[in-house]
Amino acid sequence: MSPSTAERRSGRRQLLLVASIFFVPLAAAVILYFSASWRPPVGVQHGELIDPPRPLPEMAFSLPDGGIAAADVLRGRWFLLHPVAGSCDERCLEALADLRQLRLALDKDAPRVQRVLLHDGRCCDADSPAAEPDLLMLGAVGPTGAAFRALFPQASDGSIGIYIVDPHGNLMMSYPATGAARGLLKDLERLLRLSSIG
């Protein structure tokens, strides 16, 4: 065998080795991606995404002191909204306490988030234990208030949960009223990190 033939074979082997370093991982990735047994996760949110987001109409909400809130009160910040029908019972108070702790856990981003208790007018006077300094209590009363409250989807068990409203006034995500604080915090941290609004 002449030296030139041996060099050519050595060169081919080196070329095949370099090509395999590139093509073998690529072929493995294609096989994994298109196989039915493995898929990358589609989404990592913990709540239920409302798709498409529902724009909330501006309306005049009643305040606990008898005043009327500005029509655009649900604009400009991120809102953690908890609707209640009737009085704020023990479950409601527990959800509000979870939301208070969650907002505090946001640390420097806490001012970007507002807690909201949305009620039907039969709840929560100014002396209510739910009346906390960082809690915005809004009454959606009458036929327009009922139509507004109907925009919030109920869970399969008929309960009303916690909702994220973006700074443009769009209803984006829903969570169970209890037991979802950790997932809600992770989703909200991600939204605040990725968003420059609010």
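Helices here are DSSP runs of H or I with at least four residues, strands are E runs of at least two, and both are numbered from the N terminus. This is a predicted model, where local features need pLDDT of at least 70, side-chain atom pairs count only at pLDDT 80 or more, and totals for chains, interfaces and linings use all residues. Residues are numbered from 1 along each chain as its sequence is written, and side-chain values use heavy atoms, with hydrogens and water left out.

**Helix α1 and its greasy patch**

- Tyr 33 sits in helix α1, which covers residues 3-34.
- Tyr 33 is partly exposed because its relative accessibility is 42%, and that label covers whatever falls between buried (under 20% relative accessible area) and exposed (over 50%), with a 1.4 Å probe and protein chains only.
- Tyr 33 also belongs to a nonpolar surface patch with Phe 22, Phe 23, Leu 26, Val 30 and Phe 34, and together they offer about 660 Å² of accessible area.
- To join such a patch, a residue needs over 30% relative accessible area and no salt bridge, with nonpolar side chains (Val, Leu, Ile, Met, Phe, Trp, Tyr) linked within 5 Å and like charges within 9 Å.
- A salt bridge here is a side-chain nitrogen of Lys or Arg within 4 Å of a carboxyl oxygen of Asp or Glu, and the areas are Shrake-Rupley values with a 1.4 Å probe, counting only the protein chains shown as cover for residues.

**Strand β6 and its partners**

- Strand β6 (residues 170-175) is mostly covered, with 6 of its 6 residues buried.
- Strands pair when DSSP finds at least two bridges between them, and β6 runs antiparallel to β1 (residues 48-55) with 4 bridges.
- Pro 55 has Asn 170 as its bridge partner in β6.
- β5 (residues 162-165) also pairs with β6 in the antiparallel sense, over 4 bridges, with Ile 164 opposite Met 173.
- A hairpin joins β5 and β6 with 4 residues between them, and Gly 169 in the turn has a positive phi of about 85°.

**Aromatic cluster**

- Rings of Phe, Tyr and Trp (its six-membered ring) pair if their centres lie within 6.5 Å, as stacked (planes under 30 degrees apart), edge-to-face (over 60) or tilted (the rest).
- That rule gives 4 aromatic pairs.
- Phe 61 and Phe 148 make an edge-to-face pair, at 5.1 Å centre to centre and 80° between the planes.
- Phe 61 is in the loop between β1 and β2 (78-83) and Phe 148 in helix α3 (residues 142-149), so this pair ties together parts 87 residues apart in sequence.
- Both Phe 61 and Phe 148 are buried, and ring pairs link them with Phe 152 and Tyr 163 into a cluster.
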